[in-house]
Structures are given as C-alpha cells and as structure tokens.
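Student: I've got this protein open on my screen and I'd like to talk it through. Can you take me around it?

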Amino acid sequence: METALSLHGRPVASIFELLGTKENDITYSIGWALAQCPGFRGTLMDAVFPGEPGLTIDRVALQERASAPGVTDIELTGPRAHVIVEAKRGWEVPGQEQLRLYAPRLRQDVHKAIVVMSECTPEFASIHLAPSIDGVPIVHLGWREIAGFTGLKRGKPSERHLLAQLRVYLERIVKMQNQESNLVYVVSLGSDRPHWSSVTWIQIVEERSCYFHPIGTGGWPKEPPNYLGFRYDGRLQRISHVESWKVVTDLHSELPDLGNPGPWEPHFLYTLGPAIVPPRPVKNGNIYPNGRVWAMLDLLLTCDTVAEARDRTKLRRADGD
C-alpha cells in the first residue's frame, strides 16, 4: 500500500517532482522519459517529422557540448535523424543567434530539426521563431502538447507508468504557469486621446472592454495575466478578468477606432470581462504615476492603497517560496 509523500509540506504526486520545476529539471525529466520509452520517442518524432514514419532514435544526450559552440538541452540522434531540443520554462523562446549556434551540427543530416519547447501558444511562437535557420527547420512544441504525447495506450506497463508520472509532472508545470491566477496586473490609464486614436485610453477599456500592450518589451509581461486592474484619477477604478486574448500585429484591423499609425510590434489584445469595482476607495499610494505593479486580487480589495497591496503581495509570495 502506498503512503502519502510530501516535500517541504507539499504533496508529491510524481517522482519527477523531486527534481524540481526549474528549466533544467524539466529538461532532464523529458530526456529520461525519451530514453526509457520508445513509444514516447516515436510520438515526438512523428510530430517533428510528419509524413516521415519510422524515424528512430538510439541516443538521447543531455547538456551536450560538441566541437561547435553552444550547449544543447536535449540531443536526439538516430540512423537517419538528428534533433536538437531547446527547452524554455515559460513564455520565452530562444533568440536567433542562440539557435544559429546549433545549426552547423545538423547540416549534414537527412532528417534534421531544432525543436523549441515552451509554454508559448503557436501564435506567439510563429511571431518570434523563424520557420528555419541556416536551412534547418525549427519546430515549436508546447508543454501541453508534450504532456499529450504521454498518453500511450500500448507499450510495457513500466513505460506507461513512467509516462503517467511525467504527465502529472508536466501538467503541474503548465498549471504553475497560471498558478498566479489571483494576481492582478495593475496599469495606469490616461484620460488623453492618442493622436492616432478617436477614443481615449479610458474609453478603450470602459467602452470597448479591451486592453492591449506590447509583449515582453519595456517591462511588459511575456505572459497574459488572468486579471487586469486599471487606475486613474489617483485610485484603483476597476479590475477585470481577462476573458480571452490574442497576439496581434495589426491593432487597427481589430479596433478600427485606433487608426493606423504604422506597423505594430506584437501585442497582447485582451477581451475584458465585467468590471470588479472596489467596495471602497483604493488610492494609488507610493507608486510612480505610470507605474505598473502586480498585486493579489483579495489584497487589492481589502488594502487602503495599491502600493500596500503590491507590498503585501511580495511578502506573501516570498513566504510561499
């Protein structure tokens, strides 16, 4: 009979959780499963090389350093195939220069690819990853997809058991990306109307029920938050759940009121749910006029200022580490 296991007071549901949840921990877990489970390897290869059945892998290497520059996260080699995997924990993809370091290792192979694994959506990845680099195809696979590869119906019981453990682990990783569901990203809204828009910033939020910002530049989030808070006139005015979002590069086509000032860098465009209005005034406190902060929803609704909610959020998160 099994008994409950906990680590630092938290239940452990998968052996892989004992490694941790950092980027290298995820990489090592995936590598171990690939080495131990032929069915998992085959499913991955089918996804990387659709229409090329029967490609096999006979070596899985972690943190491989070759004569060429760069250290690969996972390297898969077989008689007719060579795949380099670069894994990222969150909404991040490697830059072109990093991927270019790996290309020379693959140029002589018949079936070759660089696989980027991350939490990014296909839309986000397609904007930030080229389809190929120096003649080597680049394939993006999300963690949800990788977790789906573990659902084998055939194979040895030991293989299916290990993959079930990996699935629990990966689903926890995916869940942790959204574990901060109680966090609100609080931004400042101006009452001015940009020269390229027929409506003000406040109207965009309150009348159009949407909001947008660049992705990952200038301190903006790389991942879409679950809640957005909006402050102006010296206090927090409303909080809205993000009902849906998309990555766009042409905001004018989505919101004609904005005009068309020229090419846009990639933006998150959010559709906002009904407003949650604080039951009492929540003043800004010690925050820069245009400052953007993270704060937990319950604290925003109970603290006297946004700054207090921000500071108590930091303390709460530090205590939970």
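Student: How many helices and strands are there in the protein chain?
Tutor: Keep in mind that this is a predicted model. In the protein chain, the strands number 14 and the helices ten.

Student: What share of the residues in the protein chain is buried?
Tutor: Buried here means under 20% relative accessible area. The chain has 321 residues, and the buried ones make up 47%.

Student: And how much of the accessible surface belongs to carbon and sulfur atoms?
Tutor: The accessible surface of the protein chain is about 16400 Å². The part belonging to carbon and sulfur atoms is 52%.

Student: Let's go inside. Which residues have the most contacts inside the largest nonpolar core?
Tutor: Nonpolar side chains tend to be buried together in soluble globular proteins. The largest nonpolar core here has 35 residues. Those with the most contacts inside it are Ile30 and Ile146.

Student: Which element gives the most to this core?
Tutor: Several elements supply at least two residues each, among them α1, α2, β4 (71-77) and α5 (143-148). With seven residues, the one that gives the most is α6.

Student: Which residues does Ile146 touch, leaving out those up to four places away in sequence?
Tutor: Neighbours up to four places away don't count, so what remains is contact with heavy atoms within 4.5 Å. Ile146 then touches Ile30, Phe40, Leu44, Met117, Leu141 and Leu170.

Student: Now helix α2. Where do its buried residues sit around the helix axis?
Tutor: The buried residues of α2 (residues 38-48) are Phe40, Arg41, Leu44, Met45 and Val48. Looking down the axis of α2, they fall within an arc of 130°, so they line one face of the helix.

Student: Back out on the surface, which residues form a nonpolar patch there?
Tutor: One of its members, Leu18, lies in the loop between β2 (10-11) and α1 (23-36). Leu18 is partly exposed, at 48% relative accessible area. Together the patch residues have about 370 Å² of accessible area, and they are Leu5, Leu7, Ile15 and Leu18.

Student: On to charges. Is Lys88, which forms a salt bridge with Glu86, buried or exposed?
Tutor: The closest N and O atoms of Lys88 and Glu86 are 3.7 Å apart. Glu86 has a relative accessibility of 4%, so it counts as buried. For Lys88 the relative accessibility is 11%, under the 20% cut-off, so Lys88 is buried.

Student: Arg312 and Glu308 pair up too. About how many helical turns separate them?
Tutor: Arg312 and Glu308 form a salt bridge, with the closest N and O atoms 3.7 Å apart. An α-helix has 3.6 residues a turn, so residues three or four places apart point the same way. Arg312 and Glu308 are four residues apart in helix α10 (residues 306-320), so their separation is about one helical turn.

Student: Which side chain does Arg310 meet in a salt bridge?
Tutor: Arg310 is buried, with a relative accessible area of 15%. Its partner is partly exposed, at 36%. The N to O distance in this salt bridge is 2.9 Å, and the partner is Asp311.

Student: Last one: which residues are linked in a network of salt bridges?
Tutor: Side chains of opposite charge can pair when their charged atoms come close. The structure holds twelve salt bridges. The residues linked in a network are Glu97, Arg100 and Asp134.

Conventions. Residues are numbered from 1 along each chain as its sequence is written. This is a predicted model: local features need pLDDT of at least 70, side-chain atom pairs count only at pLDDT 80 or more; totals for chains, interfaces and linings use all residues. Side-chain values use heavy atoms; hydrogens and water are left out. Buried means under 20% relative accessible area, exposed over 50%, partly exposed in between (1.4 Å probe, protein chains only). The arc is that of the directions from the helix axis to the C-beta atoms. Patches are made of residues with over 30% relative accessible area and no salt bridge: like charges are joined within 9 Å, nonpolar side chains (Val, Leu, Ile, Met, Phe, Trp, Tyr) within 5 Å. Accessible areas come from the Shrake-Rupley method with a 1.4 Å probe; for residues, only the protein chains shown count as cover. A salt bridge is a side-chain nitrogen of Lys or Arg within 4 Å of a carboxyl oxygen of Asp or Glu. A nonpolar core is a set of buried Ala, Val, Leu, Ile, Met, Phe, Trp, Tyr and Cys residues joined through side-chain atoms within 4.5 Å.
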